[in-house]
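Student: I would like to learn how to read the boundary between two domains. Could you walk me through one?
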Amino acid sequence: MTEDYREDVCILIPTLNEGATIGQLIEDFNTEGFGNIFVIDGNSSDDTQEIAKNMGARVVAQTGKGKGQAVQDALAMIDDPYVIMIDGDGTYLAKDVHAMLEPLETGRADHVIGNRFADFDPAAFTKLNLIGNKMLNKFFSVIYRKNLVDILSGYRGFTNQAIRELELHETGFEIESEIAVDSMKKEHLVEVVPITYRPRPDEGDTKLNPLTDGFGIGSTIYKMAKFHNPMFYFGIIGAILTFCGILLGIYVVSEWMIGITHIPMTILTALLIISGIQMFIFGMLSDLVVSLHRETMRTLRRQQR
Ligand SMILES: Nc1nc2c(ncn2[C@@H]2O[C@H](COP(=O)(O)OP(=O)(O)O)[C@@H](O)[C@H]2O)c(=O)[nH]1
Ligand SMILES: [Mg+2]
């Protein structure tokens with residue numbers, strides 16, 4: 001390693017069988033002036049670990065399974081003032097690192113998201129991937145009332161403070177959305193920075209399954225809404241119950257008009273509508289609890305800082 005490398009920035013790379021690209025990626029970061037490289041590996045069966053070690057990276061094998069678990073392992077081991085997280089598959093460019101760092105260094109942001117939609121190769125996203133990404137981003141912005149443009153981006157930057165405050169539990173590909181949600185919860189300053197996104201050199205070799213992982217990510221975003229926007233969380237359930245109740249009610253009333261009475265169905269209608277309205281009331285009460293909790297946490301964080 002030369003003396004000129006910046007040591008205050010840790011480049012964190014989660015890898016699973018990325019032997020084809022990891023070497024070039026580390027070299028590119030060296031060229032940009034970054035030598036503090038941390039590879040958290042998912043026990044790759046190829047030569048990822050050897051290549052990274054030979055290039056001077058700190059290589060650690062994750063203790064469990066999944067990208068999320070790897071990231072959690074790694075973040076607990078990093079003390080540097082800034083962390084830049086990037087996929088090891090060669091889809092993101094090392095030269096975008098300066099733009100990613102700038103908002104962190106000037107204190108404008110605690111967390112930076114590299115926006116892949118700013119400049120992407122048409123081959124980098126499959127149609128399904130692009131639609132899924134857009135839908136999940138929309139879903140996120142409705143629930144959390146903030147448009148972070150590309151919540152599933154694998155290129156992220158954090159201050160040390162932000163990392164210590166994040167509480168992450170998701171082990172798989174839900175980790176990016178969990179980071180986005182938790183930064184909202186912790187009221188971190190988040191900045192979105194345009195970056196370039198390229199196709200994987202070994203196309204189609206992604207470990208992500210667009211359907212099952214997409215569904216998992218969507219349900220993580222929804223599940224966590226309970227703690228951030230409970231009116232939305234309970235409101236959806238309430239709306240479904242009330243809607244079913246009203247539909248059934250229309251049927252019961254129209255049958256009653258022609259002289260047929262359905263007693264059990266009438267009871268069910270009433271139950272559905274009442275439970276639906278109850279859900280809205282739960283939502284309102286939870287909203288109150290969440291607002292009060294947010295105030296308390298805000299005060300605590302101010303004192304801690
Ligand atoms: N350590 C570790 N890294 C993983 C695991 N699964 C995926 N990765 C890495 O996480 C990054 C993103 O994975 P990728 O399959 O490219 O997902 P995509 O970019 O969302 O399609 C890549 O660098 C992978 O090598 C895992 O289980 N453990
Ligand atoms: Mg990838």
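Tutor: Happily! Start with the polar contact, a pair of N or O atoms within 3.5 Å; within protein, one must be able to donate a hydrogen and the other to accept it, and residues adjacent in sequence count only if both atoms are side-chain atoms. Between domain 1 and domain 2, three residue pairs are in polar contact, both residues at pLDDT 80 or more. This is a predicted model, where local features need pLDDT of at least 70, side-chain atom pairs count only at pLDDT 80 or more, and totals for chains, interfaces and linings use all residues. Residues are numbered from 1 along each chain as its sequence is written, and side-chain values use heavy atoms, leaving out hydrogens and water.

Student: Where do the two domains lie in the sequence?

Tutor: An automatic or database assignment sets the bounds: domain 1 covers 9-225 and domain 2 covers 230-304. Their centres, taken over C-alpha atoms, are 37 Å apart.

Student: How many salt bridges are found across the interface of domain 1 and domain 2?

Tutor: The rule asks for a side-chain nitrogen of Lys or Arg within 4 Å of a carboxyl oxygen of Asp or Glu, and it finds two across this interface. Glutamate 187 pairs with arginine 301 in a salt bridge, with the closest N and O atoms 3.5 Å apart.

Student: How many residues of domain 1 are in contact with domain 2?

Tutor: With contact meaning heavy atoms within 4.5 Å, 10 residues of domain 1 meet eight residues of domain 2.

How values were computed:
Chains lettered and ligands numbered in written order.
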